[in-house]
Amino acid sequence: MGGAPIPFLMLRLLLLATVALASLALALDVSWLNFLKPGTYSVGFSACVFENYVAVVGGADGMAYVALLDKDSGRKIKERIADPPYFYGCAASNGVLYVTGDPGLYAFDAQLNTLGVARPDGVVYMAVAATGEYVYAAGSYGDKLYVEKHTAELTLVANVTYIEEGWDWAEAYGVAVDP
């Protein structure tokens, strides 16, 4: 068997995959698609709706990254690269974008100016939910699952630490609140 059948087979598979993706996009009525690459190594962890934007949070080359995309067109409107290694989760309420990171819980306005920061020692926040009156952040504190309740201005109201026997590590990938 010569070398020609393998490239032909790969070409056919690539063509089939392209047709499948195009069909899926049409079936889902995708109106826009945006690829963000703010650095050599970029990763997106979460997205949320924030006013007229879709906020995307993650990391770029070891720095925290947040981008605001126009909700209708997908065009990137603003971006911010910050010191913490990564942003992990986001939620929005009353004109404030809340973002969890390593370390901290951050509040931003629509210009991505920092409105507030909460940074308990040793806590890596992964997830956030906002109700308007309160902001709930969940993450890890070593081998413990850690959950906090803050006011909208990020003043700590309460916290709780969970640990189960035999846990080597705890991570919270989501938090939800039914207001």
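This is a tour of a predicted model, selection by selection.

Local features here need pLDDT of at least 70 and side-chain atom pairs count only at pLDDT 80 or more, while totals for chains, interfaces and linings use all residues. Residues are numbered from 1 along each chain as its sequence is written, and side-chain values use heavy atoms, with hydrogens and water left out.

**Whole chain**

Show the protein chain as a cartoon. It has 1 helix and 12 strands, where helices (H or I, at least four residues) and strands (E, at least two) are DSSP runs numbered from the N terminus. The order from the N terminus is α-β-β-β-β-β-β-β-β-β-β-β-β. Of the 179 residues, 35% are buried (buried is under 20% relative accessible area, exposed over 50%, partly exposed in between; 1.4 Å probe, protein chains only). Now switch on the surface: the chain exposes about 10600 Å², 57% of it from carbon and sulfur atoms (Shrake-Rupley method, 1.4 Å probe).

**Sheet E1 to E4**

Select 42-50 and 76-82. These are E1 and E4, the edge strands, each pairing on one side only. They belong to an open antiparallel sheet of 4 strands in the order E1-E2-E3-E4; two strands pair if DSSP finds at least two bridges between them. The twist averages 20° from one strand to the next.

Add residues 63-70, which are E3; this strand and E4 pair in the antiparallel sense over 6 bridges. Within that pairing, valine 66 stands opposite arginine 80 of E4.

**Salt bridge**

Show the side chains of lysine 76 and glutamate 79, which meet in a salt bridge at 3.3 Å, N to O. The criterion is a side-chain nitrogen of Lys or Arg within 4 Å of a carboxyl oxygen of Asp or Glu. The whole structure has 1 salt bridge. Glutamate 79 is partly exposed at 40% relative accessible area, and lysine 76 is partly exposed at 36%.

**Nonpolar cores**

Select Phe50, Leu68, Phe87, Leu97, Val99 and Phe108. These residues have the most contacts inside the largest nonpolar core, which has 17 residues (a core is a set of buried Ala, Val, Leu, Ile, Met, Phe, Trp, Tyr and Cys residues joined through side-chain atoms within 4.5 Å). E1, E2 (53-60), E3, E5 (87-93), E6 (96-101) and E7 (104-108) each supply at least two residues of this core.

Centre on phenylalanine 87. Leaving aside neighbours within four places in sequence, its contacts include Phe45, Val57, Tyr65, Val66, Ala82, Val99 and Phe108 (contact means heavy atoms within 4.5 Å).

Finally, select Tyr125, Val135, Ala137 and Leu154. They are among the 13 residues of a second, separate core.

Definitions and conventions
Axes are lines fitted to C-alpha atoms, for helices over the stretch in contact, and angles run from 0 to 180 degrees between N-to-C directions.
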